[in-house]
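Reader: I am new to protein structures and would like to learn how to read one slowly, feature by feature. Could we look at one together?

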Amino acid sequence: MKYFIGNWKMFGVPRSIKILNKINSFRAKDKNRNKYRVIITPPYTLLEYFAKQFKNKRITIGSQNCYQKDKFSSNTAAISPYMIRSVGAKYTLVGHSDNRAEGDTDLMLKNKVKFALKNNLKVVFCIGENKKQKKNNQTFGVLKKQLVKVLEKKLNKNNIIVAYEPIWSIGTGKIPKQKDLLKTTIYIKKVLKNIFKKKSPPVLYGGSVDGDNIDTFRQIKEINGFLIGGASKSSKKFIDIIKNYYR
Ligand code: PEP
């Protein structure tokens, strides 16, 4: 099973639902539709509306983040995993580099993962090195640390997906060399197998994925799907990625 996850970031108002309607119609007719899942993570403001509209349809709705507590608390503006699940969203991103940059620590991420899973959300846990770390050949060390500090054997790995998103690639149009990405994906899976003492959860790639460069990625069978930012805000660009992946 492959995953095409669209991360809308700070984009979208109710009428943006037309983008999802087009993606949904495409998938309904696509002969490859059973080979992949489509998940869209709009901002919190649209979660309930979109989740209701696409219930039992061909797009699953997820959140871009969640607060590190279970249910209700006195944290102004915070949204808990319980609240996210209660409006029909089924996934949440955790540890996106935007949120790490704004102060998410490993301990906070550990709690986010714990409470998201407890509330029956599937977690897309994001990891990735920055430009300097890549330049200094620290990529593997950084990724390993991000994984082992947060994930542990007792967690339900069936509800975890890992997204490798090199920070230097997000929104820049720059992508890793194919051979580097293959090595990194294999490495991440090795670390995950060690953590979970058997099978690795799916590992996605994210960072400037579009309909043209998807060809580079589709050849790497170890990659189980994609986390797509910019290109997920256009139905055409998002659909082109899927079409070209299965060409
Ligand atoms: C992202 O922010 O998760 C992302 C992958 O963005 P983009 O596709 O725009 O690089």
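**Reading a predicted model**

Author: Let us begin with a single residue: T185 has a relative accessibility of 2%, and because buried means under 20%, T185 counts as buried. Please keep in mind throughout that this is a predicted model.

Reader: Where in the chain does T185 lie, and which residues is T185 in contact with, leaving aside its neighbours within four places in sequence?

Author: T185 lies in helix 8, which covers residues 178-196. Once the neighbours within four places in sequence are left aside, T185 is in contact with V203, E222 and I223.

Reader: Is Q68 buried or exposed, and where is Q68 found?

Author: Q68 has a relative accessible area of 16%, so it is buried, and it is found in the loop between strand 3 and helix 3. Leaving aside the neighbours within four places in sequence, Q68 is in contact with M108, N111, K112 and F115.

Reader: How should I read the chain as a whole, and how many helices and strands are there in it?

Author: One starts by counting elements, and here the chain has ten helices and eight strands. The next step is to set the radius of gyration against a rule for globules: the value for this chain is 17 Å, close to the 18 Å that the rule gives for 247 residues, so the chain is as compact as a globular protein of that length. Taken along the principal axes, the box that the C-alpha atoms fill is roughly 50 × 45 × 30 Å.

Reader: What share of the residues is buried, and what share of the contacts between residues at least 6 apart in sequence joins residues at least 24 apart?

Author: Of the 247 residues in the chain, 52% are buried. Among the contacts between residues at least 6 apart in sequence, 71% join residues at least 24 apart. As for the surface, the chain exposes about 12400 Å², and carbon and sulfur atoms supply 50% of that area.

Reader: I would also like to understand backbone angles; which value does phi take in A77?

Author: Here one looks at the sign of the angle together with the residue type, and A77, although it is not a glycine, has a positive phi of about 70°. A77 is found in the loop between strand 3 (60-63) and helix 3 (81-86), and with a relative accessibility of 74%, A77 counts as exposed.

Reader: What is phi near in S208, and does S208 count as buried or exposed?

Author: In S208, which is likewise a residue other than glycine, phi is positive and near 60°. S208 has its place in the loop between strand 7 (203-206) and helix 9 (214-218), and at 18% relative accessibility S208 counts as buried.

Reader: Finally, how do I read the surroundings of the ligand, and which residues come nearest to it?

Author: One lists the residues around the ligand, then sorts them by class, and then looks at individual atom pairs. There are 13 residues around the ligand, of which K9, E165, G171, S208 and G230 come nearest. By class, this shell has three nonpolar, eight polar and two charged residues.

Reader: Which distances separate polar side-chain atoms of K9 and E165 from oxygen atoms of the ligand?

Author: For K9, a polar side-chain atom lies 2.6 Å from an oxygen atom of the ligand, while for E165 the distance from a polar side-chain atom to a ligand oxygen atom is 2.8 Å. The backbone takes part in this list too, since a polar backbone atom of G229 is 2.8 Å from an oxygen atom of the ligand. Taken alone, the ligand exposes 290 Å², and the protein buries 96% of that area.

Methods:
Residues numbered from 1 in each chain as written. Predicted model: local features only at pLDDT ≥ 70, side-chain atom pairs only at ≥ 80, totals over all residues. Heavy atoms only, no water. Near = heavy atom within 4 Å. Polar contact = N/O pair within 3.5 Å; in protein donor to acceptor, adjacent residues only side chain to side chain. Areas by Shrake-Rupley, 256 points an atom, 1.4 Å probe, with all protein chains shown as cover. Nonpolar A, V, L, I, M, F, W, Y, C, P; charged D, E, K, R; others polar. Helix = DSSP H or I, 4+ residues; strand = E, 2+ residues; numbered from the N terminus. Rg over C-alpha atoms; globule rule 2.2 N^0.38 Å. Buried < 20%, exposed > 50% of the residue type's maximum accessible area, 1.4 Å probe, protein only. Contact = heavy atoms within 4.5 Å.
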